[in-house]
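Visitor: I would like a close look at a single part of this model, with the surroundings brought in where they help. Please take your time over it.

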Amino acid sequence: LLALAGGDGFEGGVFLNEATNMVNFLAGRSREFCCGLGAFAFRNGKSLTVDAVDAGTASFSGIQAGSVVDIEVTSGALTVNQSIMASGLHDGAAILLTAAGNLVVNNDITATSSYGGAIGLMAGGNIALNGAEVRAESGSAYGGGISIIGFQAGGSITATNSDIRATSVNGAAMIGMDAGTNIVLSGGEVRAESTVEEGAASALVLEGSGPTIVGLRAGNNVTIGGDVISEGGPGMEGWLLELPGFVPIPTGQGASSDASGIVIQAGNRIIGGTGIVGANSEQEIRLKAVNGIGTVPAPIKIIDADPDMEFLNTGTAGDIAVSFIERDVVIDGDLVGTRNNNPNGTYFIEAKNGNLVLSVPFLPGEESSEPLLAGQSVTLAAKGNVHIAHGTFEPDLVAVDTYGSINASGSGKIKIDAGGAILTDAGTQLNASAIDLIAGTTVNSNGSLTGGAVSAEAGGNITLSQSQSITLGLLESTASNGTVTVSTGGAILD
């Protein structure tokens, strides 16, 4: 079916959604100039493909509309082979695609308007994007609008080499995905971005960029094989509650109503891949899973602009494994909000291209700082140095000494793996059934080491010089290009 409405100098809409049509292919156009009548609405009772249609006297590819595109397939699948565009001149632009079965997108979907752009994809089955761009864009006029993209699928959501972008100038941007089974990102990016244009006022932007959020929720796994980026300012009280309901941001399930940043929730696992996760410093990153957040071989990669971060694994299987790919990692505050409930799980923290410093006790907890569960292990890794340090904390402007420490009980182990040096300051403590120290250059330990088996390996010197006793069930030290020195003011106990 080819449906063309409006022409040069006048507007017209397509309204074929009262009765149920039975066609195989659809293309068409509606036009809007002044009065908001340029909608394109269509309902079909069997599988439908948006494609190029040649009607003999006229032909057209895809769908172009004024303000709104609303296509519903009440039985079967909806496939998008040609682009769908909506551009609101005097109203917001919105595209809503609904399929009883699967929804397959093989071409671009774009909604742009100065007032705000919104795109909703809803399927009873799966949603699949293949090399497509889905873009909602809000311009700077009229104080800035809101750009919204929402996916909701009874089955899975997959995006392969596809870009999903919600952008706003002087406004807000948000992306939500809600899948009954899996969300799989493979290549491309999911990005919510707000920028500022000087001189334009906005109720959502008091200073700097407007709030942005990306929310991913899956009944089973979320795979981060593409980038997930939130680039905006802090949230405002209740702003998420004001937005249309078809955007499935997981408010109240890991995110507050004023959240801004990234919230990822999985009923099973969050799986690390080639993609990165990133948010701005005034935002937050919250990852919640039941049976693991990344693994040691494949951690979740985070591009660190210093947002507030929480990682919560609620089940009894899996690890929490995160890799910060740009900067040094400094752990000098509490770890409340990060917790692995697997009693045999591992906390793996990596500074992929920098140094790592721990200057506080390693006490993660969901609501408050708690000791590691018996059997839990900790691995700290860095391309540069790993420093278990003496630091200071200044609550109420009074300096308080802090000391890095890790206390693993039961079968729990500690591993420190540095491409550079490993340093531990006096007053720090490492305690576990087994401690492995692996350094590319030197190991210089001045803190307490207590372990059933302590292994130290370095390219240069190894120096263990504690003022107190060293308790070593078994000491294995290998300095391939240096010396091994063990000295203590107390005793070496085995």
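Visitor: How do the residues of the lining of the largest pocket divide into nonpolar, polar and charged?

Guide: The model is a predicted one, and in it the lining of the largest pocket divides into 14 nonpolar, 2 polar and 8 charged residues. The space inside this pocket amounts to about 590 Å³, and of the 24 residues that line the pocket, Met309, Phe324, Val330, Ile331 and Leu335 are the closest to its centre. Several strands contribute to the lining, with at least two residues each coming from strand E29 (308–313), strand E30 (320–324), strand E31 (329–331), strand E32 (335–336) and strand E34 (346–351). Of the contributions to this lining, that of E29 is the largest share, at 4 residues.

Two of these strands lead from the pocket to other parts of the model. Strand E34, which supplies at least two residues of the pocket lining, also holds Tyr347, one partner of an aromatic pair whose other member, Phe362, sits in the loop between strand E35 (356–358) and strand E36 (364–365), 15 residues apart from Tyr347. The structure holds 1 aromatic pair, and the rings of Tyr347 and Phe362 meet edge-to-face, at 5.4 Å centre to centre and with 75° between the planes. Tyr347 is buried, with a relative accessible area of 2%, and Phe362 counts as buried too, at 3% relative accessibility.

Strand E29, in turn, belongs to an open sheet of 12 strands, paired in parallel and ordered E2-E4-E9-E12-E15-E18-E20-E22-E24-E27-E29-E33. The edges of that sheet are strand E2 (14–21) and strand E33 (339–340), each of which pairs on one side only. Further along the order, E4 and E9 pair in the parallel sense over 5 bridges, and one of the bridge partners here is Val69 in E9, matched with Phe40.

The sheet strands also carry charged contacts, and the search of the whole structure finds 13 salt bridges. One of them joins the side chains of Glu72 and Arg43 at 3.7 Å, N to O; because Glu72 lies in strand E9 (residues 68–73) and Arg43 in strand E4 (residues 40–44), this pair ties together parts that are 29 residues apart in sequence. Glu72 is partly exposed, with a relative accessible area of 31%, and Arg43 is likewise partly exposed, at 25%.

Another salt bridge is formed by the side chains of Arg217 and Asp178, at 2.7 Å, N to O. This pair links distant parts of the chain, with Arg217 in strand E22 (residues 212–218) and Asp178 in strand E20 (residues 172–179), 39 residues apart. Both Arg217 and Asp178 are buried, whereas Glu72 is partly exposed.

A further salt bridge joins the side chains of Arg191 and Glu189, at 3.2 Å, N to O, and these two residues are both buried. Arg191 and Glu189 also belong to one network, in which salt bridges that share partners join them with Glu133, Arg135, Glu137, Asp163, Arg165 and Glu231.

To return to the pocket, its lining includes 8 charged residues beside the 14 nonpolar ones, and the residues closest to its centre include Met309 and Phe324.

Key. Residues numbered from 1 in each chain as written. Predicted model: local features only at pLDDT ≥ 70, side-chain atom pairs only at ≥ 80, totals over all residues. Heavy atoms only, no water. Salt bridge = Lys/Arg side-chain N within 4 Å of Asp/Glu carboxyl O. Buried < 20%, exposed > 50% of the residue type's maximum accessible area, 1.4 Å probe, protein only. 1 Å grid on protein atoms, 1.4 Å probe; cavity = no way out; pocket = protein on both sides within 12 Å on 5 of 7 lines; lining within 4 Å. Points joined across faces, edges and corners; volume = space filled by probe spheres on them. Nonpolar A, V, L, I, M, F, W, Y, C, P; charged D, E, K, R; others polar. Pairing = 2+ DSSP bridges. Phe/Tyr/Trp six-rings, centres within 6.5 Å; stacked < 30°, edge-to-face > 60°.
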